[in-house]
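I opened this notebook to record what I looked up in one structure. The entries run from single residues to the chain as a whole.

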Amino acid sequence: MNTRPKTIFCDIDGTLVKHNIPTKNTSSLRTLHVIKGTIEKLSEWDAKGYNIILTTGRRESMRKATEEQLAELGIFYDRLIMGIGGGDRIVINDCKPDGRQTAFAFNIKRDEGIKDINI
C-alpha cells in the first residue's frame with residue numbers, strides 16, 4: 001500500500017474554468033467562470049493531502065494575471081507550471097518494484113470540469 005501523497009497535474013482552461021483563448025482569459029476585462037464542482041473537488045484532494053499542480057498553455061508572461069485570477073476565484077494549488085503549449089501532454093513515469101503503475105490520465109470533455117474524477 002502506498003502511503004505517499006498523490007500528485008495531480010491539472011490543466012486550467014476548459015478543466016477548472018470555462019475555456020477561452022489564453023489572451024482573452026487573462027485580460028483584466030474578462031471575468032472567468034469556475035466550472036461547477038471545481039472548488040469542492042480541489043478541497044477534497046487537498047484534504048487527502050494530494051499535491052495539486054496546475055498546468056497551462058498560457059505564456060509565462062501571463063503568470064501574474066493568472067495567479068491573481070486563480071486567487072480571486074478561490075482556486076488553490078501547490079505549483080503552477082506555465083507555457084506548456086496546447087499540444088498533447090504525455091506523462092512518463094516508472095513502475096514501482098512490485099509492478100504497480102504510477103501514472104494515470106483522465107481526458108475530459110472541455111468545460112465539463114473535474115467534479116466526476118475519482119482518484
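Before the first entry I note the cut-off I rely on: a residue is buried when its relative accessible area is under 20%, and exposed when that area is over 50%. The model I consulted is a predicted one.

**Entry 1: T38**

I asked whether T38 is buried or exposed. T38 has a relative accessible area of 0%, and because the cut-off for buried is under 20%, T38 is buried. I located T38 in helix α2, which covers residues 38–47. I then looked up the polar partner of its side chain: the side chain of T38 reaches the backbone oxygen of I35 at 2.7 Å. Leaving aside residues up to four places away in sequence, I found that T38 touches T15, L16, I75 and I114.

**Entry 2: the nonpolar core**

Two of those partners, I75 and I114, led me to the largest nonpolar core, where they are listed with W45 and L54 as the residues with the most contacts inside it. I recorded 18 residues for this core. The elements that give two or more residues to it are β1, α2 and β2 (51–55). I also looked up I75 by itself: with residues up to four places away in sequence not counted, I75 touches L16, V17, V34, T38, I39, L42, L54 and L70.

**Entry 3: D13**

I next turned to D13, in the loop between β1 and α1 (22–25). Its relative accessibility is 8%, so D13 counts as buried. Which side chain does the side chain of D13 contact? I found a polar contact with the side chain of R58, at 2.8 Å.

**Entry 4: the largest pocket**

I read off a volume of about 1700 Å³ for the largest pocket. Its lining has 47 residues, and F9, C10, V91, F104 and F106 are the closest to its centre. Which strand gives the most to this lining? I noted strand β1 (residues 7–11), with five residues. Sorted by class, I recorded 18 nonpolar, 17 polar and 12 charged residues in the lining.

**Entry 5: the chain**

I closed with the protein chain, which has three helices and three strands. Along the sequence I read the pattern β-α-α-β-α-β. Of the 119 residues in the chain, 29% are buried. For contacts with a separation of 6 or more, I recorded that 69% are between residues 24 or more positions apart.

Terms used:
Residues are numbered from 1 along each chain as its sequence is written. This is a predicted model: local features need pLDDT of at least 70, side-chain atom pairs count only at pLDDT 80 or more; totals for chains, interfaces and linings use all residues. Side-chain values use heavy atoms; hydrogens and water are left out. On a 1 Å grid over the protein atoms alone, a cavity is a set of points where a 1.4 Å probe fits but cannot get out, and a pocket is an open set with protein on both sides within 12 Å along at least five of seven lines; lining residues have an atom within 4 Å of a point. Grid points are joined across faces, edges and corners, and a volume is the space filled by probe spheres set on the points. Helices (H or I, at least four residues) and strands (E, at least two) are DSSP runs, numbered from the N terminus. Ala, Val, Leu, Ile, Met, Phe, Trp, Tyr, Cys and Pro count as nonpolar, Asp, Glu, Lys and Arg as charged, and the others, Gly among them, as polar. Buried means under 20% relative accessible area, exposed over 50%, partly exposed in between (1.4 Å probe, protein chains only). A polar contact is a pair of N or O atoms within 3.5 Å; within protein, one must be able to donate a hydrogen and the other to accept it, and residues adjacent in sequence count only if both atoms are side-chain atoms. Contact means heavy atoms within 4.5 Å. A nonpolar core is a set of buried Ala, Val, Leu, Ile, Met, Phe, Trp, Tyr and Cys residues joined through side-chain atoms within 4.5 Å.
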